[in-house]
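Me: Please take a close look at a single part of this structure. Pick one element, work outward from there, and keep the sentences short.

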Amino acid sequence: MSQPGKSILLVDDDQEIRELLETYLSRVGFQVRAVADGAAFRQSLCAESADLVILDVMLPDEDGFSLCRWVREHQRFAQVPVIMLTASSDEADRVIGLELGADDYLGKPFSPRELLARIKALLRRAQFSQERSGEVLVFDDWRLDMISHRLFHRDGEEVILSGADFALLKLFLDHPQQILDRDTIGNATRGREVMPLERIVDMAVSRLRQRLRDTDKPPRLIRTVRGSGYQLATTVSVQASDGR
């Protein structure tokens, strides 16, 4: 995958890290904007969107968690891949970030080459998820527009999906009625594990169930198959996009 034209917005209050990453990522072909705090991040993203954002957790004015939540709550930015950076080794921080819709998590100190590999993986996934253009996938009470990534319920509600939510939902919709094991789900939705694979997959499925109102006990739409994985227990049909 080529990088020319792909833009990255980075927020980190450490000037040395900002300058290092801006230089390194620019050299491999990315257009990089680097800011030092949450206010500047919001202003920069609103002025010009990005293909991927990198959020430091600890910032002088607000934390990266609130910025991640803000990104995911806005339709314009909801599909932008998010990588979070933290100096903390606490797994709770990683859980919070992933539950808020972050696509990946990297602890400091880190190698710029590792960050680059994760950036490329997320951008490949984002590009792949756009390939089935012109289709609307219909399942249960839902319609997923593959062009806009917009998810609509029969009652008219629109649900905003993060990039990770969309990738997981698309995987299930591509394999309706099939049992998908955790390795298959993990490989399709996240290029690298930042915590045990089982924990990542269970969190991602739980979050998607919430989006799909699949909160019955046991869940009706995405079923848990003990010892095997998960199954989308419905049929899927394809319609032409109506541009909604």
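Reply: Start with three words. A residue is buried if its relative accessible area is under 20%, exposed if that area is over 50%, and partly exposed in between. Keep in mind that this is a predicted model.

The part to look at is helix H2. The face of H2 turned away from its buried side carries two exposed residues, Gln43 and Ala47. What sits on the buried side? The buried residues of H2 are Gly38, Phe41, Ser44 and Leu45. Look down the axis of H2: these residues fall within an arc of 125 degrees, so they line one face of the helix.

Next, check how H2 begins. Asp37 is the residue to find at its start. A side-chain oxygen of Asp37 comes within 3.3 Å of the backbone nitrogen of Ala39.

Now ask what lies over the buried face. Which elements cover the buried residues of H2? The cover includes the strands S1, S2 (31-35) and S3, together with helix H3. Take H3 before the strands.

The link to H3 runs through aromatic rings. Such a pair is described by the distance of the ring centres and the angle of the planes. Searching the whole structure turns up 2 aromatic pairs. In one of them, the rings of Phe41 and Trp70 have centres 6.3 Å apart and planes at 70 degrees, so this pair is edge-to-face. The angle cut-off for that label is over 60 degrees. Phe41 belongs to H2 (residues 38-47) and Trp70 to H3 (residues 64-72), so the pair ties together parts that are 29 residues apart in sequence. Both Phe41 and Trp70 are buried. Trp70 also pairs with Phe77: their ring centres are 5.6 Å apart and their planes stand at 45 degrees, so that pair is tilted. Relative accessibility is 11% for Trp70, which counts as buried. Phe77 is buried too, with a relative accessible area of 3%. Together, Phe41, Trp70 and Phe77 make up one aromatic cluster.

Now turn to the strands in the cover. How many residues of strand S3 are buried? The count is 5 of the 5 in S3 (residues 52-56), so the strand is largely enclosed by the rest of the structure. Leu52, Ile54 and Asp56 point one way from S3. Val53 and Leu55 point the other way. All of these residues are buried.

S3 has strand partners. S1 (residues 7-11) runs parallel to S3, and 4 bridges join them. Here Val11 has Leu55 in S3 as its bridge partner. S4 (residues 82-86) also runs parallel to S3, again with 4 bridges. Val53 stands opposite Val82 in S4.

Another helix makes a useful comparison. Helix H1 (residues 15-27) has 13 residues. From its first C-alpha to its last, H1 reaches 18 Å, close to the 18 Å expected at 1.5 Å a residue. Which residues of H1 are buried? They are Ile17, Arg18, Leu21 and Leu25. Seen down the axis of H1, the buried residues fall within an arc of 100 degrees, so they line one face of this helix. Glu16 and Arg27, on the other side of H1, are exposed.

Look at the ends of H1 as well. Asp14 caps the N-terminal end, with a side-chain oxygen 2.9 Å from the backbone nitrogen of Glu16. After H1 comes Gly29, whose phi is positive, near 110 degrees.

So, back to H2, for a quick recap. Gln43 and Ala47 are exposed on the face turned away from its buried side. S1, S2, S3 and H3 are among what covers its buried residues. One of those buried residues, Phe41, joins Trp70 and Phe77 in the aromatic cluster.

Key:
Residues numbered from 1 in each chain as written. Predicted model: local features only at pLDDT ≥ 70, side-chain atom pairs only at ≥ 80, totals over all residues. Heavy atoms only, no water. Phe/Tyr/Trp six-rings, centres within 6.5 Å; stacked < 30°, edge-to-face > 60°. Buried < 20%, exposed > 50% of the residue type's maximum accessible area, 1.4 Å probe, protein only. Expected span 1.5 Å × (residues − 1). Arc of directions from axis to C-beta. Polar contact = N/O pair within 3.5 Å; in protein donor to acceptor, adjacent residues only side chain to side chain. Pairing = 2+ DSSP bridges. Contact = heavy atoms within 4.5 Å.
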